[in-house]
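Please examine the sequence and the model shown here. The paragraphs that follow lead from individual contacts to the helices and then to the chain as a whole.

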Amino acid sequence: MSTKEHRKNDLEQPEISQQAMAQLFRGELSRSDTWRTRLDTTTNWALTTTAAVISFGFATPESSHVTFLVGIWMVVSFLLIEARRYRYYDLWNRRVRLLEDGWWAPMLRREPVDPDALRELAVEMSRPQIQLSLVSAIATRLNRAYGPILIVLLVTWFFKVYSHPRPPRDFADFVERAHVAWLPGPVVMASLLFLTVAAAYLFTASFFIRAPLGELRTRPRGRRAALWESFYRPYAIQRRKRPRPPGVRASAPHPFDH
């Protein structure tokens, strides 16, 4: 065989075997399952903390309502940690769904594979990027688990402040009871009101806006929203960054270019 034929064979596109795709699918599924387990771990922490806070807060009339505020702060911290983990889970789960939607499903239907899905999978593997915004991840986890947990903590805090040691005389007395050390009651109430409004907005909007790619959802076919849209569209998806050739300066985006 001549040298030219050797070079031609070296440049030929290798064939993709079903065994190789099966191993790839198994590896990506394992990654996705690992991050899914981490989500369950953080949720268990939040549930355990909530149960401990409620038990300790209502154990005696002398128990301070600060216990519930600490529990709310811890649950919000767990929510932020879990939102970060969910963004990584979305990265690996997206690859699994691309393999299922573009390779395995067409094979089971005895149809040609989806080249768009495989092309998108190749881009994901060559330049992996987290596409789910932090606001989107927070909204998703509020919808799935943390919304009811925060509601329980806020309601129990309200009953603790209202009932212990006796019912307040008026609303001003109730606000005054909410003080924490040197923080006056109105500041604590305003902070809780801001947290409640923000969480309620994300929780409510999650029922009306398309959710991100999940285990039971196909990949989005339409335009992906920009990052800034995630502040009023909780499930906005970040656009993938395109690499620029070396030496080429970035041009200003056109105002109508989305």
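Two residues are said to be in contact when heavy atoms of theirs lie within 4.5 Å. The model discussed here is predicted. With sequence neighbours within four places set aside, Trp157 is in contact with His65, Phe68, Leu69, Ala178, Met189 and Leu192.

Trp157 also has a prominent place in the largest nonpolar core, which has 35 residues: together with Leu142 and Tyr146, Trp157 touches the most other members. Helices H2, H3, H5 (134-163) and H7 (185-205) each supply at least two residues of this core. The greatest contribution comes from H5, which gives twelve residues. A second core, separate from this one, consists of eight residues, among them Met21, Leu99, Ala117 and Leu121.

Tyr146 leads from the largest core to a charged type of residue, Glu82, since the side chains of Glu82 and Tyr146 are joined by a polar contact of 2.6 Å. Glu82 is found in helix H3. Is this residue buried or exposed? Glu82 counts as buried because its relative accessibility is 0%, the cut-off for burial being under 20%. Apart from neighbours within four places in sequence, the contacts of Glu82 are with Leu39, Thr42, Thr43, Arg141 and Tyr146.

Helix H4 can be followed in similar detail. Its twelve residues, 115-126, should span 16 Å at 1.5 Å a residue, and the C-alpha atoms at its ends are indeed 16 Å apart, so the two values agree. At the start of H4, the backbone nitrogen of Asp116 has a side-chain oxygen of Asp114 within 3.1 Å. Which residues of H4 are buried? They are Ala117, Leu121 and Glu124. These residues cover an arc of only 60° around the axis, and therefore lie on the same side of H4. Their cover includes helix H2 (18-57) and helix H3 (66-108). Two of the buried residues, Ala117 and Leu121, are among the members of the second core.

The view can now be widened to the whole protein. The protein has seven helices and zero strands, and its elements, taken from the N terminus on, run α-α-α-α-α-α-α. Of its 258 residues, 37% count as buried. Among contacts between residues at least 6 apart in sequence, 74% join residues at least 24 apart. The accessible surface comes to about 16,400 Å², and carbon and sulfur atoms account for 63% of that area.

How values were computed
Residues are numbered from 1 along each chain as its sequence is written. This is a predicted model: local features need pLDDT of at least 70, side-chain atom pairs count only at pLDDT 80 or more; totals for chains, interfaces and linings use all residues. Side-chain values use heavy atoms; hydrogens and water are left out. Helices (H or I, at least four residues) and strands (E, at least two) are DSSP runs, numbered from the N terminus. The expected span of a helix is 1.5 Å times one less than its number of residues. Buried means under 20% relative accessible area, exposed over 50%, partly exposed in between (1.4 Å probe, protein chains only). The arc is that of the directions from the helix axis to the C-beta atoms. A polar contact is a pair of N or O atoms within 3.5 Å; within protein, one must be able to donate a hydrogen and the other to accept it, and residues adjacent in sequence count only if both atoms are side-chain atoms. A nonpolar core is a set of buried Ala, Val, Leu, Ile, Met, Phe, Trp, Tyr and Cys residues joined through side-chain atoms within 4.5 Å. Accessible areas come from the Shrake-Rupley method with a 1.4 Å probe; for residues, only the protein chains shown count as cover.
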